[in-house]
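Q: Please take a close look at one part of this structure. Start there, work outward to its surroundings, and give the numbers as you go.

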Amino acid sequence: MQPASDLDQTFGTAWSGPNLLLLDQRSGALTSVNAPHNTTDKRAEPLPVVNQAQIWSASTG
């Protein structure tokens, strides 16, 4: 896993294995992109985001 980066941007990103996790810090929408298969999956409910959100681990299911 790559080191976490500063998430002061609108979109927080993190790698989890082959998946790129994209967190919209305004709406809480979480999208996972499977890089090898070029598929995406979105979390059914947005995450409750307040100020500096960070991705530690996540499930889109």
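A: Asn38 sits in the loop that links β3 to β4. The model is predicted, so every value below is computed from predicted coordinates. The backbone of Asn38 has a phi near 55 degrees. That is a positive value, and the residue is not a glycine. Asn38 is also exposed: its relative accessibility is 67%, and the cut-off for exposed is over 50%.

His37 shares this setting, as it too is placed in the loop between β3 and β4. With 59% relative accessibility, His37 counts as exposed. How far is the C-alpha atom of His37 from that of Asn19? The separation is 9.7 Å, for two residues 18 apart along the chain. Asn19 belongs to strand β2, which covers residues 19-24.

Now the two strands that flank the loop. β3 and β4 make a hairpin, with four residues between them. Asn38 is the turn residue with the positive phi of about 55 degrees. Four bridges hold the pair in register, and the strands run antiparallel. β4 spans residues 39-42, while β3 spans residues 30-34.

The register can be read residue by residue. Thr31 faces Lys42 across the pair. Ser32 stands opposite Asp41. Val33 stands opposite Thr40. Strands of a sheet pair through backbone hydrogen bonds, either parallel or antiparallel. In a regular strand the side chains alternate between the two faces of the sheet.

β3 itself is mostly covered. Four of its five residues are buried, meaning under 20% relative accessible area. Across the chain, 25% of the 61 residues count as buried.

Move to the other side of β3. Here the partner is β2, joined to β3 by five bridges. This pairing is antiparallel as well. Leu23 of the β2 side stands opposite Leu30 in β3. β2 and β3 also form a hairpin, with five residues between them. Its turn includes Gly28, whose phi is positive, at about 85 degrees.

What happens at the end of β2? Asp24 lies in that strand. Asp24 is buried, because its relative accessible area is 13% and the limit is under 20%. Two contacts involve this side chain. A polar atom of the Asp24 side chain lies 3.4 Å from the backbone nitrogen of Ser27. Asp24 also forms a salt bridge with Arg26. The closest N and O atoms of that bridge are 3.8 Å apart, so the pair falls within the 4 Å cut-off. The structure holds one salt bridge. Its two residues differ in exposure: Arg26 is exposed at 66%, whereas Asp24 is buried at 13%.

Step back to the sheet. Four strands form an open sheet in the order β1-β2-β3-β4, with antiparallel pairing. β1 (11-16) and β4 stand at the edges. Each has a single partner strand, so one side of each is left without a neighbour in the sheet. Neighbouring strands are turned by 20 degrees against each other on average, direction ignored.

The wider chain is quickly described. There are zero helices and four strands. Along the sequence the pattern is β-β-β-β. Among contacts between residues at least 6 apart in sequence, 24% join residues at least 24 apart.

Last, confidence. The mean pLDDT of the chain is 76, and 64% of the residues score at least 70. Among the elements, β4 has the highest mean, 94. β1 has the lowest, 81. Back at the starting point, then: the loop holding Asn38 leads into β4, the element with the highest mean pLDDT.

Terms used:
Residues are numbered from 1 along each chain as its sequence is written. This is a predicted model: local features need pLDDT of at least 70, side-chain atom pairs count only at pLDDT 80 or more; totals for chains, interfaces and linings use all residues. Side-chain values use heavy atoms; hydrogens and water are left out. Helices (H or I, at least four residues) and strands (E, at least two) are DSSP runs, numbered from the N terminus. Buried means under 20% relative accessible area, exposed over 50%, partly exposed in between (1.4 Å probe, protein chains only). A polar contact is a pair of N or O atoms within 3.5 Å; within protein, one must be able to donate a hydrogen and the other to accept it, and residues adjacent in sequence count only if both atoms are side-chain atoms. Two strands pair if DSSP finds at least two bridges between them. Axes are lines fitted to C-alpha atoms, for helices over the stretch in contact, and angles run from 0 to 180 degrees between N-to-C directions. A salt bridge is a side-chain nitrogen of Lys or Arg within 4 Å of a carboxyl oxygen of Asp or Glu. pLDDT is the predictor's confidence in each residue, from 0 to 100. Contact means heavy atoms within 4.5 Å.
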